[in-house]
Amino acid sequence: MSDFNMRWAREEDLDEICRMSTELAVCLNESELVTITPEILRRDQQLYKSLVAEGLGCKDSLSKPLIGFALYIYKFSAWEGRVAVLDNIYVAPGHRSRGIGSSLLQMVRQDVAEHGCSVMELFVHDWNSRAKEFYDERDAVDQTLKNKVHFYRIPISSEEKISKT
């Protein structure tokens, strides 16, 4: 029997998801890039799906600590149709190597397969050998090596953004 539980994220989890997202950015030495807030997560809930892992050490169901999460989105590919993008998967350092990350990933894979996706994309830092090994063990194909593709981002300035009121 495992000492953690997987479930869909709820409204009351968003503060913790934001906290864990910031922890992940710190682990990746990219904390300066975090602009997300719990308010943005609440506002944009229809744009993403999220699962959480909760520890089962507490008997009070309301105080079970969140120890990991996965957040993903869907996009459309002109070549492949519906594609899932795993934006983040995170397990708190004290809870790693217990199958939590594997369980989160498996639940995401099951959900995206049920929603008609043929592939799931994700990005891993070149220096993060532990993450690369994790995904390699799960049949992920490194497109950088296979197809010699590069990932680009085009920043959108605040002047270009359309504000919603």
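The legends below describe an overall view and several close-up views of a predicted model.

**Figure 1. Overall view of the predicted protein, which has five helices and five strands.** Read from the N terminus, the elements follow the order β-α-α-β-β-β-α-β-α-α. The radius of gyration is 17 Å, close to the 15 Å given by the globule rule for 165 residues, so the protein is as compact as a globular protein of that length. Along the principal axes, the C-alpha atoms occupy a box of roughly 50 × 45 × 35 Å. Of the 165 residues, 32% count as buried. Among contacts with a separation of 6 or more, 60% are made by residues 24 or more positions apart.

**Figure 2. Surface and charged side chains of the protein.** The protein exposes about 11500 Å², and carbon and sulfur atoms supply 54% of this area. There are 21 positive and 26 negative side chains. The centres of these two sets lie 2 Å apart. Side chains of opposite charge can pair when their charged atoms come close. In this structure, 13 salt bridges are present, and several of them are shown in the views that follow.

**Figure 3. Close-up of the salt bridge between Arg-98 and Asp-3.** The side chains of the two residues meet with an N to O distance of 2.7 Å. This pair links distant parts of the chain, with Arg-98 placed in the loop between strand 4 (81–91) and helix 3 (100–114) and Asp-3 in the segment before strand 1 (4–8). The two residues are 95 residues apart. Arg-98 has a relative accessibility of 30% and therefore counts as partly exposed. Asp-3 is also partly exposed, because its relative accessible area of 41% falls between the limits of 20% for buried and 50% for exposed.

**Figure 4. Close-up of Arg-42 and its salt bridges with Glu-11 and Asp-15.** The side chains of Arg-42 and Glu-11 meet at 3.0 Å, N to O. Arg-42 lies in helix 2 (residues 38–43) and Glu-11 in the loop between strand 1 and helix 1 (14–27), so this salt bridge ties together parts that are 31 residues apart in sequence. Arg-42 is partly exposed, with a relative accessible area of 29%, and Glu-11 counts as partly exposed at 38% relative accessibility. In the salt bridge between Asp-15 and Arg-42, the closest N and O atoms are 3.4 Å apart. Here too the pair links distant parts of the chain, Asp-15 being in helix 1 and Arg-42 in helix 2, 27 residues apart. Asp-15 has a relative accessible area of 41% and is partly exposed. Elsewhere among the salt bridges, Arg-7, Asp-13 and Glu-54 are joined into one network through shared partners.

**Figure 5. Close-up of Gly-94 and Ser-97 in the loop between strand 4 and helix 3.** Gly-94 counts as exposed, at 66% relative accessibility. The C-alpha atom of Gly-94 is separated by 16 Å from that of Ala-131, a residue 37 residues away along the chain. Ser-97 counts as exposed at 70% relative accessibility. Most residues other than glycine have a negative phi. Ser-97 is not a glycine, yet its phi is positive, at about 65°. The loop between strand 4 and helix 3 also holds Arg-98, the partner of Asp-3.

**Figure 6. Close-up of Lys-148 in the segment after helix 5 (143–146).** Lys-148 has a positive phi of about 50°, although this residue is not a glycine. Its relative accessible area is 64%, and Lys-148 is therefore exposed, the cut-off being over 50%.

**Figure 7. Close-up of Gly-81, a residue of strand 4.** With a relative accessible area of 16%, Gly-81 is buried, because this value is under 20%. When residues up to four places away in sequence are not counted, Gly-81 touches Lys-75 and Phe-76. Gly-81 and Leu-47 are 34 residues apart in sequence, and their C-alpha atoms are 18 Å apart in space.

Technical notes: Residues are numbered from 1 along each chain as its sequence is written. This is a predicted model: local features need pLDDT of at least 70, side-chain atom pairs count only at pLDDT 80 or more; totals for chains, interfaces and linings use all residues. Side-chain values use heavy atoms; hydrogens and water are left out. A salt bridge is a side-chain nitrogen of Lys or Arg within 4 Å of a carboxyl oxygen of Asp or Glu. Helices (H or I, at least four residues) and strands (E, at least two) are DSSP runs, numbered from the N terminus. Buried means under 20% relative accessible area, exposed over 50%, partly exposed in between (1.4 Å probe, protein chains only). The radius of gyration is taken over C-alpha atoms; the globule rule is 2.2 Å times the number of residues to the power 0.38. Contact means heavy atoms within 4.5 Å. Accessible areas come from the Shrake-Rupley method with a 1.4 Å probe; for residues, only the protein chains shown count as cover. Lys and Arg count as positive and Asp and Glu as negative; His and the chain ends are not counted. The place of a charge is taken as NZ of Lys, CZ of Arg, CG of Asp or CD of Glu.
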